[in-house]
Structures are given as C-alpha cells and as structure tokens.
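Colleague: I should like to learn how to read the features of a protein model. Could you take me through them one by one?

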Amino acid sequence: MTKPLHVGRASQNGVVAAELAARGFTGGRDALDPPWGFFQAFSHGEGFDADRIVGRLGDPHTIVWPGVSIKPYPCGVLGHPTMDAMRRLVIAHDVQPESIVGIRVRAGSNILNPLRYPIATNALEAKFCPAFMVSAIALRRKAGIREFNDEFVRSAPMQAMMRKVERVLDPEIEAQGWERIRSTVEVDLDDGRTLVEEADERYRGGPDLPFTRGELHEKFSDCASLVLPPSAIDETVGMVEALEDLPDVSELSRVLSAAPAVVAQ
C-alpha cells in the first residue's frame, strides 16, 4: 500500500510547494550546496565532483531524453515484457484458457526477486506476482485496471490458473546480467504442444519502444473509464493533444469535473 502512497505524497508536495511559492514563501538557497546541502550530506563527507553536476543537472531532463515511460499495465514494470510475450503467444496461437496445462516464466533474479509473490491473494500482491500477470493475459488477453482488483484476483478461474504457473530462475538469463529485463514464457497445452515466446528486452511504453498513438489512447481510456463517460474521455484526449492551442485551461477542468457525477451514479 505504500507504493501508491509515495506517488500521491510526492505529487501533493509538488502542489503545496508551488502554492507556497506563489504566496511568497521563501527558503534557503543552498539546499544542494555545501556545507549542509544535499551533495555534502549524501557523499557522507567524502566530497563530490562538481564538474559532473554544475551545468549538467537537468540538461537534459530525463523526460526529454531518454524520454518518458508510460506503463501499459498497472503493475511492476519488470513484468511488462513477460506479459507482452504472453499476450503475443495466446493471440498468435489462439490459445484458450481451458487448453493450458502449465506455464513457465523463465527469468533472472532481477525479475523474480522483486516480483516476489508466488500466488496473489489481492490486487496489491498481484502487482508483484508473475503468476497473476501471465494468468490475467491467459484468461482475458489483457490486464488493465479492471483486472487488477480483489474480486478478479480471488476468483476461482484466476486462482486455478495461477497454480499452473511455475517461476523458473534461468541460469542462462541470469548470466546475462541485471541491466536488462529478460524472460521467456513457455506454455504447455493439452494437445502435447509447448509454445515458447521470448520477451522483448525493450519494454513497451518505454523510450526504446514507445506507445503508438492508439496504445496511448487505449491506456488513458481504460483508466479514465472508471470516472468519465466515453464522450468526456474523447473530449479530454482532444484537448490534451491540442493543449497549446486551448484558449483557457478551465475548459479542460470543465470536462474533467464530470467525474464526480459519474461516480455518484
């Protein structure tokens, strides 16, 4: 539960800081610099290389280069290439859930250690559970905001499918190092076949494999559908894509304010 809390508090702190600054709130100008600043404190008194910082901090910002990352699935990004591999496999071979005898997720410890839950019992555990990740794709061929909820995680078909999944520490993948997200999915079928799909090291939605416009709209719509009607989703997307030409940002606020009414219904 602390993971989403951290994101929320960071956003809250940014908003509060901006509001305080707008009202003239002041602070120290040497938060980064010696003798008591960030650089000195986090170098444990051993000093720091100013040439690696001055003129380079924020030049460029990572949102510009290498670029922004948008998660295709609402879970740990370490599992995303595996989920995409599973999705390619079940779609290409039209694999039906009832035909699956077993699934093996082969990966290194850089994936299997953080994604530590063998079987998920709730939606929060599912975010760090390879068995849930591939099982959701097996059952629904997708894993969006509606799959990552307690009811679906605890459902009988999901619990049964997760128990068919084996997590395998693959020595060949492990030997390739920690810097890349590597995995292989193997699916055993009731007709005796074993289907194999390698995960792409470039995770979809990252700088090396960015979303297409359609994938971006699909992701936004999936999340926004919890609070906005379809017409408001389309209107919001249009406004955001032309934000520089929007006469007044209150127009965007007006569309988004439809959310409480939808929830109330």
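Modeller: The following exchange takes up pockets, a cavity, a surface patch, backbone features and salt bridges in turn. Please keep in mind that this is a predicted model.

Colleague: Let us begin with empty space. What is the volume of the largest pocket, and which residues are closest to its centre?

Modeller: Rolling a probe the size of a water molecule over the atoms shows where empty space is left. In this structure, the largest pocket has a volume of about 400 Å³. Its lining consists of 18 residues, and Lys 3, Pro 4, Lys 71, Pro 74 and Lys 127 are the closest to the centre.

Colleague: Which helices each supply at least two residues of that lining?

Modeller: They are helix H1 (2-22), helix H6 (123-126) and helix H11 (213-224). H1 provides the largest share, 3 residues. Sorted by class, the lining of the largest pocket holds 11 nonpolar, 1 polar and 6 charged residues.

Colleague: How should I read the second largest pocket, and which residues lie nearest its centre?

Modeller: The second largest pocket has a volume of about 310 Å³. Among its 15 lining residues, Pro 72, Tyr 73, Lys 142, Arg 204 and Glu 218 lie nearest the centre. Here H11 gives the largest share of the lining, with 4 residues. The classes of this lining are 6 nonpolar, 1 polar and 8 charged residues.

Colleague: How many cavities of 30 Å³ or more does a search of the whole structure find?

Modeller: The search finds 1 such cavity. The largest cavity has a volume of about 30 Å³. It is lined by Leu 78, Gly 79, Thr 82, Val 105, Ile 111, Leu 115, Pro 130 and Met 133. This lining divides into 6 nonpolar and 2 polar residues, with no charged ones.

Colleague: Turning to the surface, which residues make the nonpolar patch?

Modeller: Leu 32, Phe 38, Phe 42 and Leu 57 form a nonpolar surface patch of about 450 Å². Leu 32 is located in the loop between H1 and helix H2 (38-42). Leu 32 counts as partly exposed because its relative accessibility is 39%.

Colleague: I should next like to understand the backbone. Which peptide bonds before Pro 60 and Pro 66 are cis?

Modeller: The bond from Asp 59 to Pro 60 is cis, with omega near 5°. Pro 60 sits in the loop between H2 and helix H3 (63-67). A cis peptide bond also joins Trp 65 and Pro 66, where omega is about 5°. Pro 66 belongs to helix H3.

Colleague: What is the phi of Asp 94, and what is that of Arg 141?

Modeller: Asp 94, a residue other than glycine, has a positive phi near 50°. It is placed in the loop between helix H4 (80-92) and strand E1 (100-107). Arg 141 is not a glycine either, and its phi is positive at about 60°. Arg 141 lies in the loop between helix H7 (130-140) and helix H8 (150-154). With a relative accessibility of 26%, Arg 141 counts as partly exposed.

Colleague: Finally, how are salt bridges to be read, and how many are counted?

Modeller: Side chains of opposite charge can pair when their charged atoms come close. The count here comes to 18 salt bridges. In one of them, Asp 188 pairs with Arg 104, and the closest N and O atoms are 2.6 Å apart. Asp 188 lies in strand E3 (residues 183-189) and Arg 104 in strand E1, so this pair ties together parts that are 84 residues apart in sequence.

Colleague: Are Asp 188 and Arg 104 buried or exposed?

Modeller: Asp 188 counts as buried at 18% relative accessibility, and Arg 104 is buried with a relative accessible area of 17%; the cut-off for buried is under 20%.

Colleague: Which salt bridge do Glu 147 and Glu 251 each form?

Modeller: Glu 147 meets Arg 140 in a salt bridge of 2.9 Å, N to O. Glu 147 is buried at 2% relative accessibility, whereas Arg 140 is partly exposed at 39%. Glu 251 forms a salt bridge with Arg 254, with the closest N and O atoms 3.4 Å apart. Glu 251 and Arg 254 are 3 residues apart in helix H13, so about one helical turn separates them. Salt bridges that share partners also join Arg 104, Arg 106, Asp 170, Glu 186 and Asp 188 into one network.

Note on methods. Residues numbered from 1 in each chain as written. Predicted model: local features only at pLDDT ≥ 70, side-chain atom pairs only at ≥ 80, totals over all residues. Heavy atoms only, no water. 1 Å grid on protein atoms, 1.4 Å probe; cavity = no way out; pocket = protein on both sides within 12 Å on 5 of 7 lines; lining within 4 Å. Points joined across faces, edges and corners; volume = space filled by probe spheres on them. Nonpolar A, V, L, I, M, F, W, Y, C, P; charged D, E, K, R; others polar. Patch = residues over 30% accessible without salt bridge, like charges linked within 9 Å, V, L, I, M, F, W, Y side chains within 5 Å. Areas by Shrake-Rupley, 256 points an atom, 1.4 Å probe, with all protein chains shown as cover. Salt bridge = Lys/Arg side-chain N within 4 Å of Asp/Glu carboxyl O. Buried < 20%, exposed > 50% of the residue type's maximum accessible area, 1.4 Å probe, protein only.
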